Amino acid sequence: MEQRSGSTWRMTVNEKKFIEDALVADLRIDGRRPFDYRRITIKFGREDGSSEVQLGETHVMGYVTAQLVQPYRDRPNEGTLAIFTEFSPMADPSFEAGRPGEYAIELGRVIDRGLRESRAVDMESLCVVAGKSVWAIRVDLHILDNGGNLIDAANIAALAALLTFRRPECTVGGDNGQEVVVHDPEVREPLPLTMHHLPVAVTFAYFGEGGIMVIDPSYKEEAVMGGRMTATINSNGDVCAIQKAGGEGVVSSVIMQCLRIASVKAADITSKIKNAVDAYNTERALQKVKRQSSSVAQNINIPDVTMKESNDDNASASNQTEMLVDEPERISKSEVYRSAQTITASIGDSTKRDKDTTMIGGPSNWDPYSKGISLSLIRSPKPLAGPVAVAKEQNEERMTQNPGEPNPEETTLPNSGPVESSDVSQRPSSPKSLKDAVKPKNRRKNKGAKNTS
Amino acid sequence: MRAMGMDRLDGRNANQMRPLTCSRNLLHRAHGSARWSQGDTIVLAAVYGPKAGTRKGDDPEKASIEVIWKPKTGQIGKQEKEYEMILKRTLQSICLLTSHPNTTTSVIVQVVGDDGSLLPCAINASCAALVDAGIPLKHLAVAICCGLSETGSVILDPTKVEEQKMQAFMHLVFPNSPLAVLPEGSSSKHDEPFEHGIITSVTHGAMPERGYFNCLDRGRAASAAISEFLRRSLQKDGS
């Protein structure tokens, strides 16, 4: 279609040569060393079984659902697992909506092979009534941003989603022992899936007649590479799958070296995934305990607008000028973040950053907590690097620029470097709710209603 | 203070919306992207700027907008096609179509979480993404969902559970309130303020006429608040 041809991106000869020459000198264009991963961020959604993974610029979302179906005839007491990959057109202008291209199918197959044939997910525990009903697990992977190395990112998203997924508990009853009763999650705690091991995919790219190889290629490196190999390995050192489809020929000694490197990386990534999942599980457990207090706090929660009213009352002229002065500083800081992100992009370090859990129930919804902070900051004479002025609401996210100030994950607003802001670890939000309870609240909504009714 | 005596599950009163968050410029490949969340309903929208050529039937004198709606799970069915059509018509009315004739702008919407009020959340996200991409717009679109119960009371921004219990609910899209330099000048020109126009109204369920107009009034009041929030969040970045 002619409307798509305008959007194909072609790499210039200069760029290609530059990347290849730099690789000869062991330099990559984003500053990494040849065997460094980009920074991995794993976040979880509100529901069980939904994960968002960012590997450098690549962004993938995973979502797991389950339903009761009839099993296959030849496996009457095993559940089923199906992987669906969606190459959303938002990830890359060349991805078309509708039919998946060959790369999409290859990605789906590699992840599927890694999970199913290595028996990572325990299928027999998914059986409810042999031959009649079993659980069918469906994993949807949505590629949101194509920054290179989709296979690894999608694999991590699938694993994270499977580890945090909870299926409803069901009991078999009835007169002939064939009736299945699925219990509501509120009544009986849903159960996690049994995962025997975590197969992690590690992708290598080859350049220059197979002489040079790098791990975790970025988008531009993928456009230049001669060949690619993906090795799916678990932390025990078992090779679950290897995929090398065409491309440059590579000597077998190099392949063996790659596998050795891959097993080290796989162990590293496995520990990151486990840390993120553990953090999520503790949050979830706390959430269940806190549910009573959460409803109280939400009562206090006011839509953003009302805070604006009270803030306008409180904000002094000095605060406003302070905000104006800090604006350019904040903007330049955000620009610095953006450029830093593209150039250094980080090296796969195993910091504890990936235990950011956004959107776990209440906290991310609770703007009032941050409002609590901002109002208290007005009162206290503490100088902040970021803009303090609370003349407008939604300056909680400005606090994200301030390294010391924790922030409710991706809340609000235009951070040009949202990856950075999300790195700030989640703050305990309960103390703030009390402060907020004291504040006078103007119900602007009610005011509006009073005017109209 | 309880208006209408309604006690909602999450503790809000009838006129309270869930907390809004909007973040832009999240994706690196897309020309513009925005993530809008209202409570647990989260939508990610991405925009790819004008590409050459329109689709076969479309008018080459104007730009055309293409919307792709991606649900969280499952096949694309009629519901998604309907959302695409509504979103496309809404965005067509806010974009300056004659500034880039014979081009196609793609808007891709990905549902990240659905807890009621999904279509308004998507419209808000798409509008923010269009701004992020720099597509010329006449004005912004602000969307809100109102529910009408059997007793005739209106609640704003219902959750999924509330939507199912309501007798009727509707999605309303209004233009955002303009910021005029001379406030007197703008109001004297029109009988009715500009922001009282309705861009889109989609209703589900049967409702009495007065109920519809009540919802409209409530929706307008709320849209003023949302448009303030949107303006502030778009101005924040400055870039």
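Is Thr58(A) buried or exposed? In this predicted model, Thr58(A) counts as buried, because its relative accessibility is 0%.

**View 1. Surroundings of Thr58(A) in strand β3 of chain A.** The strand that holds Thr58(A) spans residues 58–69 of chain A. The side chain of Thr58(A) has two backbone partners shown here: a polar atom of this side chain lies 3.1 Å from the backbone nitrogen of Gly147(A), and the side chain also reaches the backbone oxygen of Gly148(A) at 2.6 Å. Once neighbours within four places in sequence are set aside, the residues in contact with Thr58(A) include Asp145(A), Asn146(A), Gly147(A), Gly148(A), Asn149(A) and Leu150(A), and Arg38(A), Val53(A) and Ala153(A) are also in contact with Thr58(A).

**View 2. Thr230(A) and its contacts in strand β13 of chain A.** Thr230(A) belongs to a strand that covers residues 227–233, and this threonine counts as buried because its relative accessibility is 1%, where the cut-off for a buried residue is under 20%. The side chain of Thr230(A) makes a polar contact, at 3.3 Å, with the side chain of Thr203(A). Apart from neighbours within four places in sequence, Thr230(A) is in contact with Val110(A), Ile151(A), Ala201(A), Val202(A), Thr203(A), Ala241(A), Ile242(A) and Gln243(A). For orientation, Ala97(A) and Thr230(A) are separated by 133 residues in sequence and, from C-alpha to C-alpha, by 26 Å in space.

**View 3. Confidence along chain A.** The average pLDDT of chain A is 72, and 62% of its residues score at least 70. Over residues 294–431 of chain A the pLDDT is below 50, although the model has 268 contacts for this stretch beyond near neighbours in sequence. Residues 1–6 of chain A likewise stay under a pLDDT of 50, and the model has 13 contacts for them beyond four places in sequence. Where pLDDT is low, predicted coordinates should not be read in detail.

**View 4. Packing of helices α1 and α2 in chain B.** Helix α1 (residues 78–94) and helix α2 (residues 118–133) pack with their axes 11 Å apart and at an angle of about 40°; the two helices are therefore oblique to each other, and α1(B) passes α2(B) in a right-handed crossing. On the α1(B) side, the residues that meet the other helix are Tyr83(B), Ile86(B), Leu87(B), Thr90(B), Leu91(B) and Ile94(B). Their counterparts in α2(B) are Leu118(B), Leu119(B), Ala122(B), Ile123(B), Ser126(B), Cys127(B) and Leu130(B).

**View 5. Two loop residues of chain B with positive phi.** Most residues other than glycine have a negative phi. Asn25(B), which is not a glycine, has a positive phi near 60° and is found in the loop between β1 (20–24) and β2 (32–38) of chain B. Ser117(B), also not a glycine, has a positive phi of about 60° and is placed in the loop between β5 (103–113) and α2 of chain B. Ser117(B) is buried, because its relative accessible area is 1%.

**View 6. Overall make-up of chain B.** The secondary structure of chain B comprises 5 helices and 9 strands, which follow one another from the N terminus in the order β-β-β-β-α-β-α-β-β-α-β-α-β-α. Of its 239 residues, 61% count as buried. Among the contacts in chain B with a separation of 6 or more, 70% join residues that are 24 or more positions apart.

Methods. Residues numbered from 1 in each chain as written. Chains lettered and ligands numbered in written order. Predicted model: local features only at pLDDT ≥ 70, side-chain atom pairs only at ≥ 80, totals over all residues. Heavy atoms only, no water. Helix = DSSP H or I, 4+ residues; strand = E, 2+ residues; numbered from the N terminus. Buried < 20%, exposed > 50% of the residue type's maximum accessible area, 1.4 Å probe, protein only. Contact = heavy atoms within 4.5 Å. Polar contact = N/O pair within 3.5 Å; in protein donor to acceptor, adjacent residues only side chain to side chain. pLDDT = per-residue confidence, 0-100. Axes fitted to C-alpha atoms, helices over the stretch in contact; angles between N-to-C directions. Parallel < 35°, antiparallel > 145°, perpendicular 65-115°, else oblique. Left-handed = near helix turned anticlockwise from the far one by under 90°.
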